[in-house]
Amino acid sequence: MPALARQLAGLGGCTHPVRLDGHRTEYAVNNTTGEIGAVLHRLDSATFPAGHLLVRCNNRRATRCPACAETYRRDTYHLITAGLRGGKGTPDQVATHPRVFATFTAPGFGPVHNRRTDGRPCRCDAHHDQEDAALGTPLDPTTYDYESAVLWNAHAGPLWRRFSIYLRREIAKRAGLTQRTFRDHARVSFAKVAEYQKRGAVHFHAVIRLDGPEGGDTSPPAWASAELLTDAIRAAAAAARVDGPTIDGRAHNFAFGRQLDVRPIRSADFDNGQELTERAVAAYIAKYATKGAETTTGTLDRPIRFLAELAQARITEHARRMVRTAWTLGARKELEHLRLRAWAHMLGFRGHFSTKSRRYSTTLGALRTARADWRRAQTTPPAPQDGETTLVLAHWVFAGTGLSAAETWLAATLEPAPGTEGEPTA
Ligand SMILES: [Zn+2]
Ligand SMILES: [Zn+2]
């Protein structure tokens, strides 16, 4: 039992691990003769307490695996924080570069129930409270533009790409530079997350930073300021458009909604309570990185294979209409490239939930490798002698997922792995 508990504890709370059958053997190899010598280390799944090698599922979604989603959230937090104040290989000086936090919304597809800040009732005359499931759902589902709402989600990614091209152009224009010479002076880095609004439309939150020509470790030029960056973002967001399909004679094209929020990010040290701090921004982005469409749809967190599955899904009527619209549009030959059926459970959005430009900061992969290295260092297998290298032979086959009832029970009795960092959990 203690051995099984130890193996389960290594999963850090993952409840849907991947089970693997097989082995991994590390041999010492003589550098000069090439001869294979002693076995340095051997892992055999048959000898494990659970009978298999158990590997974390690494699922990002909180509804699928809370523990792995938490790890993902922490990693995202560190990734965003590194881009804001340095660390994990990103220079500290990024904290002095112009940085803003921007929210890009979707356009309107018809009136929805909402909560007004001025205390007046919704258009339906009700005063909705914060938890009201009606919030964000259409006042009149029969006139709500579901077709555009789904197609918006399908085009949000390309619209963001168009925006990022325009942004460089707008910054260059304000600095009196041509697009061609811009890259010799400055570079734009960003990290963004996609989030579903209550009405099921994707919108984006992004940290956008202005660096010197070589990225984070070079100082931005003298003209670079948060004000110039904000102004350029507004111009680029207003100009960005992508053409969508023409459906039954109706030409769709997509642009961001008029609500655009851009706020400078200050270092925590200089916060006077009015402006966004690095910590708040990182916590906010990390929180949304672990959520998918299920935040608006309820339990639909994986692809559907037949429309009939929708009948069993415990989702809101609005979400059901979104999914059904995606499914119906997905049958059209001319919309094949949007893969709307495969992404119907995501309400048509097929982009990545969190993305960043190459130079923003470290990567999730690098953070994962660092963690694996640390874990490996805890169990020190015999090292090869001088003049030797190692040869690793491994063979693993998929043997299933999840834990047995007994393993689940035992795993639940284990203390959660203590967090090593003290970031806010908001
Ligand atoms: Zn997991
Ligand atoms: Zn209402």
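**Zinc, ligand 1.** I started with the geometry here: the 4 donor atoms subtend angles of 105 to 112° around the zinc ion (ligand 1), so I noted the arrangement as tetrahedral. Reminder to self: this is a predicted model. I then looked up who the donors are, and they turned out to be the SG atoms of Cys-14, Cys-57, Cys-65 and Cys-68, at 2.2 to 2.4 Å. Along the chain I read their spacing as C-x42-C-x7-C-x2-C. I placed Cys-14 in the loop between α1 (2-9) and β1, and Cys-57 in the loop between β3 (53-55) and α2 (66-85), so this pair ties together parts 43 residues apart in sequence.

I also checked how covered these two cysteines are. Cys-14 has a relative accessible area of 3%, and because buried means under 20%, I put Cys-14 down as buried. Cys-57 comes out at 22%, so I logged Cys-57 as partly exposed.

**Zinc, ligand 2.** Which residues hold the zinc ion (ligand 2)? I found His-113 through ND1, Cys-122 and Cys-124 through SG, and His-128 through NE2, lying 2.0 to 2.3 Å from the ion. The site is tetrahedral, with angles of 104 to 119° among the 4 donor atoms. I wrote the sequence spacing of these donor residues down as H-x8-C-x1-C-x3-H.

Is His-128 buried or exposed? His-128 sits at 9% relative accessibility, so I count His-128 as buried. Cys-124 is at 31%, so Cys-124 goes in as partly exposed.

**Hairpin.** Next I followed β1 (residues 18-30) into β2 (residues 36-44); these strands run antiparallel and 6 bridges join them. One pairing I looked up by name is Val-29, whose bridge partner in β2 is Ile-36. The two strands form a hairpin with 5 residues between them. In the turn I picked out Gly-34, which has a positive phi of about 75°.

**Second largest pocket.** I got about 1,200 Å³ of space for this one. I count 33 lining residues, and those closest to the pocket centre are Val-112, Asn-114, Gln-197, Arg-199 and Gln-259. Which elements give two or more residues to the lining? I have β4 (99-104), β6 (202-211) and β9 (260-266) in my notes. Sorted by class, the lining of the second largest pocket has 14 polar, 11 nonpolar and 8 charged residues.

How values were computed: Residues are numbered from 1 along each chain as its sequence is written. Chains are lettered from A and ligands numbered from 1 in the order in which they are written. This is a predicted model: local features need pLDDT of at least 70, side-chain atom pairs count only at pLDDT 80 or more; totals for chains, interfaces and linings use all residues. Side-chain values use heavy atoms; hydrogens and water are left out. Donors are N, O and S atoms within 2.8 Å of the metal (3.2 Å for Na, K and Ca); water is not among the atoms, so sites may look incomplete. Four donors count as tetrahedral if all angles lie between 85 and 135 degrees; four count as square planar and six as octahedral if opposite donors are over 155 degrees apart and all others between 65 and 115; anything else is irregular. Buried means under 20% relative accessible area, exposed over 50%, partly exposed in between (1.4 Å probe, protein chains only). Two strands pair if DSSP finds at least two bridges between them. Helices (H or I, at least four residues) and strands (E, at least two) are DSSP runs, numbered from the N terminus. On a 1 Å grid over the protein atoms alone, a cavity is a set of points where a 1.4 Å probe fits but cannot get out, and a pocket is an open set with protein on both sides within 12 Å along at least five of seven lines; lining residues have an atom within 4 Å of a point. Grid points are joined across faces, edges and corners, and a volume is the space filled by probe spheres set on the points. Ala, Val, Leu, Ile, Met, Phe, Trp, Tyr, Cys and Pro count as nonpolar, Asp, Glu, Lys and Arg as charged, and the others, Gly among them, as polar.
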